[in-house]
Amino acid sequence: MPKPTPLLKGFEREVAKAKPTAKRQVIFDEATTGLALIVTPKGKSSFSIVARDPVGRQVWKQIGQPSLMTVAKARELAAVAVARVKAGETDILPDEAPKAAPETFKVVAERFVKRWVDKGGKKQDGVPLRSKREIERQLATYVYPRWQSKPFLSIRRGVVTALMDDLVDNNGPVQADRVLATLAKLFNWYRQYDEHYVSPVIPEMKRSGSHRDRARTRILNDDEIRSVWAACDKVGTFGAFVKVALLTGQRRAKVAAMRWADIEDGVWTIPAEAREKVNAGALRLPKLALDIINAQPRAKENPFVFAGRGKKAFHSFSDGKEDLHAVAPIPPWVIHDLRRTAKSLMARAGVRPDISERALGHVIPGVEGTYDRHAYFEEKAAALEALAALVERVLKGEGDNVIPFKSAAS
C-alpha cells in the first residue's frame, strides 16, 4: 500500500495553501529567522529573506521560488543569505542554489497582451483594447524575429536603440515610433513585477518628431482624382474600395469592414466598436457610391462588400496600392489622404465645417459636442450628396463649377 501523505504543518502548510489576494502577502516562517513567502496579487510566489546590513539598513532579497525548491531547501538558503547580508556581502546565495531560467521577451510580451491588453489597459474593465490587433502585429512583425528568445531583463537601452535604428532604415520613422510606443507600454507594465526594474525607453529614442511636425497635408488635386478614379476600374476590389473611401470620407478600417447587412434602403449604418468614442453613425449614401457598392460581386459565405479570401474582408492594401500606382503613377499618397481630400472637397462645395466633421465621424469638441445630441442624419446625407456631385464634376473636368450647397435645414 502507498504511504499516506504526511500532514503539513506551520510554514509548509502556509506555502502549500497560499493563494493571491487583493493585497501583497508576506508570510513569515516562525522557524527560520528572516525567511518569508511573498505572494503578489498577480499570483507570483517567491521565497525571500529580510535582514539588516552592517549599517542597519533593512535588506530584502529573493532567494527562490516554491516551484523550484522545498521549504527545507529555502530554510537552508535563508540561513546562509541572512548571515551574508549581516556581514555586508552582496552575493548572498551559494552557487548551487536553484535558479529559474530567465523569462524570454516573448513570454513576457504574451503575458502583457493577456493581462494588460486583453483586460483593457489602464481601465482594466475586461474589454480588450481596440489596438490589440495592431499591438500583436507589431510584436510579431518587428520585435519577435529579433528578440523572442532574448532574456527579457537583458533588453536594455542599447538593444532598443539598435531596433529603432533598424526600423527607421527599413520601415520608416513613423513605424519605428509606433513600435516604440508599444514597447514603452510593455516595459512600464512590467515594473509591477520587479521593484528594481527600470524601463530602457527614453524620450530621445523617438524618431519622427512631434505629431504637429509630421502632420500630413496631402490631398489629391483634380488631375490626380481623375487619374486615380480611371485607374480604379483596372484594379478590381481595391479600386472600388478607393472610390467608396473618397465618396464617404470614412476611415480605411470602416470602409473595409462594410457588410452587406449594414446597408439597408441606401443607408449604411456603421457599427460602433468597443471603446470607440464616435463614428459617423448612419449615413444615407449618394447614388454614385451605392452604384459602386451594388456592382461588387457577392462572395459565397463572405459578408463583406469588399470581400477578401474566405470569410474575411479585403486587406491587401499594400498590393492594391502598388497595382494602382502602376496604372496611375501620381506623387506618393496614402489611403488616409482620401479622407482629407473628401473633407476639402466638401468645404469647396460649401458644406459647413461642423456638418462635414460629423459626416466624417470626428469627435465634436467642447460644449457643442457634449450637449448637442441631434443625429444630423439629413445634414450628413446632403453633405455626402454635395461631395459626390463635386467628384462627378471633377471627373468631367468641370470642378470649378461649384453648385452652392443646400443643407436639409436650408
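A salt bridge here is a side-chain nitrogen of Lys or Arg within 4 Å of a carboxyl oxygen of Asp or Glu. By that yardstick, this predicted model holds 24 salt bridges. Side chains of opposite charge can pair when their charged atoms come close, and a few of the pairs are worth walking through.

Take Asp-118 and Lys-132 to start. Their closest N and O atoms sit 2.9 Å apart. Asp-118 belongs to the loop between helix H3 (105-117) and helix H4 (132-147), while Lys-132 is part of helix H4, so this salt bridge ties together parts that are 14 residues apart in sequence. Neither partner is hidden away: Asp-118 is partly exposed, at 23% relative accessibility, and Lys-132 is partly exposed too, at 25%.

Further along the chain, the salt bridges join up. Arg-352, Asp-354, Arg-358, Glu-368 and Asp-372 make up a linked network. Within that network, Arg-352 pairs with Asp-354, and the closest N and O atoms of the two are 2.6 Å apart. Arg-352 is partly exposed, with 42% relative accessible area, and Asp-354 is likewise partly exposed, at 22%. Another of the links runs between Asp-372 and Arg-358, whose side chains meet at 3.5 Å, N to O. Asp-372 sits in the loop between helix H15 (366-371) and helix H16 (377-395), whereas Arg-358 is in helix H14 (residues 353-360), so the pair connects parts that are 14 residues apart in sequence. The two ends of this bridge fall on either side of the 20% cut-off for burial: Asp-372 counts as partly exposed at 25% relative accessibility, but Arg-358 counts as buried at 11%.

Helices come next, beginning with H2. Helix H2 (residues 71-86) has 16 residues, which at 1.5 Å a residue should span 22 Å, and the C-alpha atoms at its ends are indeed 22 Å apart. Its buried residues are Val-71, Ala-74, Leu-77, Ala-78, Ala-81, Val-82 and Val-85. They take up an arc of only 140° around the axis, which puts them on the same side of H2. That fits a simple rule: an α-helix has 3.6 residues a turn, so residues three or four places apart point the same way. As for what the buried residues of H2 pack against, the partners are helix H1 (10-17), strand E2 (35-39), strand E3 (45-52) and strand E4 (58-64). Just past the end of H2, Gly-88 adopts a positive phi of about 85°.

Helix H12 (residues 317-327) can be read in a similar way. Phe-317, Gly-320 and Leu-324 are its buried residues. Looking down the axis, these fall within an arc of 65°, so they line one face of H12. Ser-318, Glu-322 and Ala-326, on the other side of the helix, are exposed. The cover over the buried residues of H12 includes helix H8 (222-232), helix H9 (236-248) and helix H10 (252-256).

Finally, there is some nonpolar surface to note. Val-26, Phe-28 and Trp-60 form a nonpolar patch on the outside of the model, with about 270 Å² of accessible area together. Val-26 is part of strand E1 (residues 25-28). With a relative accessible area of 34%, Val-26 is partly exposed, and a patch takes residues with over 30%, so Val-26 passes that cut-off.

Key
Residues numbered from 1 in each chain as written. Predicted model: local features only at pLDDT ≥ 70, side-chain atom pairs only at ≥ 80, totals over all residues. Heavy atoms only, no water. Patch = residues over 30% accessible without salt bridge, like charges linked within 9 Å, V, L, I, M, F, W, Y side chains within 5 Å. Areas by Shrake-Rupley, 256 points an atom, 1.4 Å probe, with all protein chains shown as cover. Helix = DSSP H or I, 4+ residues; strand = E, 2+ residues; numbered from the N terminus. Buried < 20%, exposed > 50% of the residue type's maximum accessible area, 1.4 Å probe, protein only. Expected span 1.5 Å × (residues − 1). Arc of directions from axis to C-beta. Contact = heavy atoms within 4.5 Å.
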